[in-house]
Amino acid sequence: MIYLRDQWQGSARELAATVGRGDLARAGRYYVTPDTSLEVRQAPAEGLRPTCVTAAKEHGLWVPHEHGRHVYARRGPVGAAWVGHGWHHGWPESDAIASPRLLLEHAIGCPDPLDVGILADSALHPGKVSAEEIAAPASAAPRRTARVLSRVSGLSQAGTESKVRLFLQLHNVTMTPRVKIAGVGWVDNLAGRRWIIECDSRAHHTGEDTYAKDRARDLRALELGYFTSRLTHHMIMGRWSKTSHTLLQVIRSGRHAEDPPRYAL
C-alpha cells in the first residue's frame with residue numbers, strides 16, 4: 001500500500017519512527033508498506049507511476065504473463081529499465097498507482113489484444129470498472145483490440161477462461177459460461193451446442209477425489225453426446241500458440257455446432 005504524507009494521521013516524529021522500524025519506506029514523495037512489490041515502490045521513487053500490467057497486479061486483476069515494469073511519466077520518455085506508456089503534463093489521478101480505468105487506457109496497444117481482454121474482463125468482473133469505462137478506450141483502440149474489448153462481459157471466473165472464451169468468440173463460436181447440464185452439473189464454458197471447455201486450475205482440479213469426479217463427469221457428458229476439452233493454466237498461458245491451433249482445428253471441423261442427442265450413446 002502507498003501513502004501520501006497528508007494521509008498519515010500521526011505526528012512527524014511518529015512517522016519518522018515508523019520509517020526507522022521498517023514499517024514504512026520512503027518512495028519519492030510517498031510512503032510504502034513492506035508488502036508493496038519492489039517494482040511498484042521503485043516507480044514513485046523515480047517520479048513515475050505504475051500502470052498497465054504492473055498496476056493491474058496491485059489491484060488484484062488477472063494478469064497475463066508480461067515482462068517489464070510498466071509506468072507513465074509526467075514529462076518526457078522513461079529510462080530503459082521501464083516500459084513507458086506516455087506522459088502527462090500533470091498527473092491525471094491522485095493515487096500513485098494507475099486506477100483500473102486508467103491502466104486499461106494505457107494497456108491499449110501494449111499487450112496482445114487477448115491479454116488486454118483479460119485485464120478488462122478482470123476489472124469488469126468485480127465492478128472495478130464499468131462497461132462505459134471500457135467502451136471509451138475501445139473506441140480509440142486498434143481494430144484487433146477493439147474487437148476483443150467489444151466481447152468483454154465480466155462473466156469469467158479467471159483469466160484463463162477469459163482468454164479461451166474471447167478467442168472462440170472472435171472466431172464466431174457462441175460461448176456460454178457457467179452452464180448447468182442435466183446429468184453432468186455446472187461446466188465452465190459451453191462452446192456451440194456440445195463442446196464443453198473446462199479451464200482447470202492446479203489448486204482445484206488435482207486432488208484425488210476431484211480428479212476422479214471430473215473424469216466421471218466427462219464420461220457422463222460423452223454418454224449424453226457432449227465432448228470435453230480440459231485446458232491447464234500452462235496450456236493457455238504458456239503454450240497458447242499450440243493450444244489455439246488445436247482449438248481452431250475443432251472449430252473448423254464443426255463438431256461443436258452439432259446437436260448433442262445425435263451423438264448420445
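A residue is called buried when its relative accessible area is under 20%, exposed when that value is over 50%, and partly exposed in between, using a 1.4 Å probe and protein chains only. Helices (H or I, at least four residues) and strands (E, at least two) are DSSP runs numbered from the N terminus.

The structure described here is a predicted model, in which local features need pLDDT of at least 70 and side-chain atom pairs count only at pLDDT 80 or more, while totals for chains, interfaces and linings use all residues. Residues are numbered from 1 along each chain as its sequence is written, and side-chain values use heavy atoms, with hydrogens and water left out.

**Strand β9 and its partners**

Strand β9 covers residues 195–200, and six of its six residues are buried. In a regular strand the side chains alternate between the two faces of the sheet. In β9 both faces are covered, with W195, I197 and C199 buried on one side and I196, E198 and D200 buried on the other.

Two strands are said to pair if DSSP finds at least two bridges between them, and the table lists pairings of this kind.

| Strands | Direction | Bridges | A bridge partner or opposite residue |
|---|---|---|---|
| β8 (residues 185–191) and β9 | antiparallel | three bridges | A191 with W195 |
| β9 and β10 (residues 227–232) | parallel | six bridges | D200 opposite T232 |
| β4 and β5 (residues 70–73) | antiparallel | three bridges | L48 with A73 |

The hairpin of β8 and β9 has three residues between the strands, and in it G192 takes a positive phi near 65°.

**The sheet of β4, β5 and β6**

Three strands form an open sheet in the order β4-β5-β6, with mixed pairing. Its edge strands are β4 (48–50) and β6 (83–87), each of which pairs on one side only. Neighbouring strands of this sheet are turned by 35° against each other on average, direction ignored, where axes are lines fitted to C-alpha atoms and angles run from 0 to 180 degrees between N-to-C directions.

**Two residues in helices**

Is T145, which belongs to helix α7 (residues 143–149), buried or exposed? T145 has a relative accessible area of 3%, and is therefore buried. Leaving aside residues up to four places away in sequence, T145 touches I108, P113 and V116, contact meaning heavy atoms within 4.5 Å.

L219 lies in helix α10 (residues 208–223), and L219 counts as exposed because its relative accessible area is 51%.
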